[in-house]
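Colleague: I should like to learn how to read the features of a structure that is new to me. May we go through it together?

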Amino acid sequence: MSFKPMRALARGAAVLVAFSSLSLSTPIAAQGDLLVAPTRVILDGRRGTEVILSNIGNEEATYRIGLELRRMLENGRLEPVEEADANDKEKAALGMIRYAPRRIVLPPGQPQAVRLAARPGADLPDGEYRVHMSFRAIPKPREVTEEQRASDQVSIQLIPIYGVTIPIIVRHGRVEARAAIAQPRVVEGERGPELAVTIQRSGESSTYGELRVTKAGVDDPLVLLRGVAIYPEIGERDVRIALTPEQAAAMKGDLRFEYRDMPESGGGLLAALDTRID
C-alpha cells in the first residue's frame, strides 16, 4: 500500500478512536496517544515498505522506534529475548532490517511514515526471520510544583511509558507452512466456560489468520477469533476463548472448525476439522 492511502487510513482511524466507540476492523494498533498501521509487516528482501505512526493526542509527542526480539510460547504469549540470548536466526533478523527515522516528534493529529526494508545476505539460508518493531512514547519532563518545592519530603512521580509493538517478518527463499486443528473442547476456566483448541503448525513459515466455529443451520459463526498467529518457534498453540453461557450451550453437537487466512489476505483455508462436542 502506498504512503498516501496509508496516511489517510491512519488519519481516519485517529478520528474514529478520538470521537467514537466504534470497533475498528482495520489493521491498526492504538495505545495511549499513539496509533500504528499496519500491525504486521511481511518483507521478501526485494521491496521495502512503510509503517504509519500517528499522534492522536492533543499535545506534541516524541516517539522512539526500535527493534526487539520475542519468542512465542505455546499459550500464545510473546516472551522478550535479550540480544545476548538470541540464536543465530534472531541475530540474522536483527542484522538485516534497515529503518528510519528512529525518533519522531509529531504535532497533535499528525502522521509520519517509518520506512523499512530487509537486506538479507547472499548466503542466508532459506527461512522465515522475525523481529518486533517497537514504537514508544518518550514522556516529557514535568515541572516541580510549588507544593513539592515546599515539602521537605522526597517525592517520586511514576510516569507510564506506553507503546505499540508489531512483528516484522522476512521470508527468504522457499518457505511454507501447514496447519491442523486438534482437540476442540469446552472447559471450565477461571472466569467461566472457555473453548479450548489446539492449532498445530509445521514447516518453515508462520501462519496467521482467523479461527471460526460454525454449526449447520446457524447463519453466523458461533465463535470468530481474528489475528491468530503461530510462529515457527512453536509446533502448536493452545488457544483459549472465553464463552458466554449462551455460546457454551450452543457449542454442542456437530461443529465445523476452520482456521483461515485473514479476509484481507484472501481468506484461504489453512485447516479444518469437522467434529462433535457432547
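Modeller: Let us begin with a term: two strands pair if DSSP finds at least two bridges between them. Please keep in mind that the model is predicted.

Colleague: How many helices and strands does the chain have?

Modeller: The chain contains 4 helices and 18 strands. Of its 278 residues, 38% count as buried, that is, they have under 20% relative accessible area. Among contacts between residues at least 6 apart in sequence, 67% join residues at least 24 apart.

Colleague: Which strands pair with β9, and in what sense?

Modeller: A general point comes before the case: in a regular strand, side chains alternate between the two faces of the sheet. Strand β9 covers residues 111–118. Strand β4, residues 49–55, pairs with β9 in the antiparallel sense through 6 bridges. Within that pairing, Gln112 of β9 is the bridge partner of Leu53. Strand β7, residues 97–100, is also antiparallel to β9, with 4 bridges between them. There, Ala117 of β9 has Arg98 opposite.

Colleague: How many of the residues of β9 are buried?

Modeller: In β9, 6 of the 8 residues are buried, and the strand is mostly covered.

Colleague: Now to a helix. Where do the buried residues of α2 fall, seen down its axis?

Modeller: The general idea is that an α-helix has 3.6 residues a turn, so residues three or four places apart point the same way. In α2, residues 88–96, the buried residues are Glu90, Ala93 and Met96. Viewed down the axis of α2, these residues lie within an arc of 135 degrees, so they line one face of the helix.

Colleague: What do the buried residues of α2 pack against?

Modeller: Their packing partners include β7 and β9, the two strands discussed above, as well as β10 and β11. The N-terminal end of α2 has a cap, Asn87, with a side-chain oxygen 3.2 Å from the backbone nitrogen of Lys89.

Colleague: Let us end with a single residue. Why does Thr207 count as buried?

Modeller: Thr207 counts as buried because its relative accessibility is 6%, and the cut-off for buried is under 20%. Thr207 belongs to strand β14, residues 207–214.

Colleague: Which side chain makes a polar contact with the side chain of Thr207?

Modeller: The side chain of Tyr259 does so, at 3.0 Å. Beyond its neighbours within four places in sequence, Thr207 touches several residues, among them Ala177, Arg201, Ile230 and Leu270.

Note on methods:
Residues numbered from 1 in each chain as written. Predicted model: local features only at pLDDT ≥ 70, side-chain atom pairs only at ≥ 80, totals over all residues. Heavy atoms only, no water. Buried < 20%, exposed > 50% of the residue type's maximum accessible area, 1.4 Å probe, protein only. Polar contact = N/O pair within 3.5 Å; in protein donor to acceptor, adjacent residues only side chain to side chain. Contact = heavy atoms within 4.5 Å. Arc of directions from axis to C-beta.
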